[in-house]
Amino acid sequence: MNKRAAVDELIDVAALSATLADESARIAAFRTALSEANGALAERFHANDPVDSLVYAQAAVIDAVILCAWRHFAASDLDRIALVAVGGYGRGELHPHSDIDLMVLLDSAGEPALDETIGRFLTFLWDIGLEVGHSVRTLHDCETEAGRDVTVVTTLMETRLLAGPQHLFDAMHERIGADRIWNSADFFAAKLAEQTARHHRYHDTAYNLEPNVKGSPGGLRDIQMIGWIAQRHLGTATLDGLVTHGYLTQNQLQILRTGRSFLWRIRFALHLLVGRREDRILFDHQLKLAKSLGYEDATYTLGVEQLMQRYYRTVMEVSRLNEMLLQLFEEAILGDPDAQATPLGPRFQERGGYLEATDEHVFVQEPSALLEIFVLLEQHLELKGVNARTIALIKQHLWLIDEEFRQNPRHHRLFLKILQAPQGVTRTLRRMNTYGVLGLYIPAFGRIVGRMQYDLFHAYTVDAHTLFVVENLRRFSLSRFDDELPTCSRVMQSLPKPEIAYLAGLFHDIAKGRGGDHSELGSVDAEAFCLEHGMSRYDARLVAWLVKHHLTLSVTAQKKDINDPRIVNEFAEIVGDDAHLAYLYVLTVADVRGTNPKLWNSWKDTLFWELFELTKRALRRGLTNPIDADELIVETQRETESLLRRSDAERDSWETIWANFTDDYFLRHRPEEIAWHTLVLVAAENPDELVIDVSAAVADGLTAIMIHAPTDTQTFVRTTAVLAELGLTVVDARIEPLSNAFDLYTFYVLEYDGTPIVEQRRLNEISARLARSLSGDRGKKLQVTRRAPRQVRMFSTPLQINLSQDPARPRTVLELVAGDRPGLLFQVGKIFEDLDIQLQNAKISTLGERAEDVFFIASAANEPLDEDACERLQRALEAELVDAQAA
């Protein structure tokens, strides 16, 4: 079916033209015609018609409507002014709610009557519901503005004549030609800078949780970028011309077209789903988008995860082709055609700063070159990268990486050599992933490429996260990054074989999406891989152990009471020796830092290091001779006294304060915290009344809040209500009963977005609000009015409640998983108050949209909760928190 017939099926142009004479009916007639045409296109979309035909048909419908109106309103001027489609509309590509950009082109400045004609025409288009952007330009305007701004010349390059004199349209293109303004070199340099800046806005990754289908790296704009450079340099108006000129193979062109069609399908669906122009694949839309595109939940993978995995794999391919083509253009436009090649071995050479194969048969003749090339990149860090044509050769010869290739001992040595290189390891692994080599050499890795997890906790796809983990480990190993995390760097640089940590990083999440425990499954893969690569049985088992236990240190530090010597000794028994502890520590920090940039903070740094040190001490004493509580208390007091002697406080004054501190207090607080508490209470005018202190100096990157108040269950409730209303996130909370009928509360907080509190004004505000609430009317009803952020509200986290008895202490442990929201701790505390439950300690952990908190609680008599009390608590939590999540 030709274009004209396709449009006639969608819209009756003759009937529309007939309505233009009737001012009272024409707007409604045009609106109805557009609505019916758009509805028909939507039906075709849902019936799985090819999206390319729909995008072009959408533009054709708009053409018909606009031309119908133009011929009516500008009937007397059709032979002297040109109506021109611009931008995406100029390319003849429109989605349901795309902007429609028009330019009225004049030979010279217009007349008042002409302005009136254009005004009536545009007003009519807006009245019928078209979102039209417009400009009125003369030939001189086009040349002048295009000469000043590369964005304008790009827009004018994509124009399409709708109506008016062809010679006027041709004259405009002649005036903006590369022989007059923006030659190939200048245009390329400007557009490359433009793309670099755009990629920076999206953090230089295609793997954002809420990507922009148009602007993100690998998106539609990157494909358009290729077309613009080709048009300016080669004079070709379509991507097909890249094949003709030898820049693309037919297969690569097909990959580019398939990628564009997939991205178009997502964008078309987004417009239909939202009912307006929308290019962001927000969490708000992802589930519905996946459903509308036909993705269904499978046994181990959600439909939305399948959609996003295909999206990420598509944009990775587009990014690779974009990089390759821009490099080819750079060589052709800016490169030195007489540049000499410098041999780098028998199969590769350097030319113009890039590594290239000596001939196109290199990989067939010697398949090991597919790994050797990456070894050379690490040995020659001065190289800018791989020559574009060599990248294409790699892609064309990926079929060589089969089981025989993977079993070749030489290839095993080359891969380990890549991991053992002193420099460039992370960059090389990323290149191997981008070029498709890594996922074929380690097939299990290939299955996680582009895999996302539908939550706010994991900010990257599994493969991107994995490479971030390896990058973090590499940074720990290089002395120039010692200032970032000095303790981690010190431990990492003491490891005899850093490649063991890198391999554990590569494999720690490799079994995600298979079902079952990914740590267990991944450890099996890791051990087999290491043994195949000739590593010793000890090293292979160490890598496998690290993969199996990569979450153990994090869970122990964040969800258990590591001030309890029994917990530390249990963890030390799992670790077994200093070597396993050191490797696990650096892997854990690298993993948490690589999961989500908002997750890592100085509190986690302190927690992990504290557990590392406590475990190291336990191992040093021997697992059969664990440290006891009395010994730990004496040691803590000794360190605290050393800190206090640096202040002006007299020993008698702090000993008076310490007389009210219990043994549990000294077990559960660090010397720095005890010194802070002590000095605040020593300085207080009346330590037998409410004392509040807010400090940013107790822990780097965190704000510490101390509350010394008479024993009262409302203190926790009121405090958490105030903190929630102030928009603060509690990362740790401890409540210590003192021997003088007072409680000492310690909270560590951050702003809700995870950033530290730095302004003194903000610290003063926190202190004042707490003082007002805790010393005010206790009968006043408390409430939290702040709402959870948009992203958090998109997820429904099933409520999980687990109650157990602490085997070592007379208390009950409540493990709670719920959707995170402002006021959650306040709600839980209110329930504790209503049921007369004492809160002793809390381990607060927010993982994206999920709150995973642990509360250590007891009855009013400081005994564990009995069975009846546990049931009452369970029912109360379910009634309060399920209703709150539903709201």
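In this predicted model, residues 24 or more positions apart account for 71% of the contacts in the protein chain with a separation of 6 or more. The chain holds 41 helices and 17 strands. Of its 887 residues, 56% count as buried. Along the principal axes, the C-alpha atoms fill a box of roughly 100 × 75 × 55 Å. The accessible surface of the chain comes to about 37,200 Å². Carbon and sulfur atoms contribute 49% of that surface. The chain carries 93 positive and 128 negative charges. The mean positions of the two sets are 3 Å apart.

Helix 29 spans residues 552–559. Six of its eight residues are buried, so the helix is largely enclosed by the rest of the structure. The buried residues are Thr552, Leu553, Ser554, Thr556, Ala557 and Gln558. Their packing partners include three helices: helix 30 (565–575), helix 31 (578–595) and helix 32 (602–621). Strand 15 (838–843) also packs against the buried residues of helix 29.

Helix 32 contains Lys604. Among the contacts of Lys604 beyond four places in sequence is Gln558, one of the buried residues of helix 29. Val592 and Leu599 are also in contact with Lys604. Lys604 is buried yet has no salt bridge. The nearest side chain of opposite charge belongs to Asp853, 10 Å away. A salt bridge requires a side-chain nitrogen of Lys or Arg within 4 Å of a carboxyl oxygen of Asp or Glu.

A second buried site lies in helix 37 (residues 714–725), which contains Val722. Val722 has a relative accessible area of 9% and is therefore buried, the cut-off being under 20%. Leaving aside neighbours within four places in sequence, Val722 is in contact with Arg769, Leu770 and Ser773. Val722 and Arg769 are 47 residues apart in sequence. Their C-alpha atoms are 6.9 Å apart in space.

At the surface, Asp866, Glu867, Asp868 and Glu871 form a negative patch. Asp868 belongs to helix 41, which covers residues 867–886. The relative accessible area of Asp868 is 47%, so this residue is partly exposed.

Backbone geometry was examined next. Most residues other than glycine have a negative phi. Asn48 has a positive phi of about 70 degrees, although it is not a glycine. Asn48 is found in the loop between helix 3 (26–46) and helix 4 (51–73). Asn48 is exposed, with a relative accessible area of 59%. Asp836 also has a positive phi, near 60 degrees, and is a residue other than glycine. Asp836 lies in the loop between helix 40 (824–834) and strand 15. Strand 15 is also one of the elements packed against the buried residues of helix 29. At 43% relative accessibility, Asp836 counts as partly exposed.

How values were computed: Residues are numbered from 1 along each chain as its sequence is written. This is a predicted model: local features need pLDDT of at least 70, side-chain atom pairs count only at pLDDT 80 or more; totals for chains, interfaces and linings use all residues. Side-chain values use heavy atoms; hydrogens and water are left out. Buried means under 20% relative accessible area, exposed over 50%, partly exposed in between (1.4 Å probe, protein chains only). Helices (H or I, at least four residues) and strands (E, at least two) are DSSP runs, numbered from the N terminus. Contact means heavy atoms within 4.5 Å. Patches are made of residues with over 30% relative accessible area and no salt bridge: like charges are joined within 9 Å, nonpolar side chains (Val, Leu, Ile, Met, Phe, Trp, Tyr) within 5 Å. Accessible areas come from the Shrake-Rupley method with a 1.4 Å probe; for residues, only the protein chains shown count as cover. Lys and Arg count as positive and Asp and Glu as negative; His and the chain ends are not counted. The place of a charge is taken as NZ of Lys, CZ of Arg, CG of Asp or CD of Glu.
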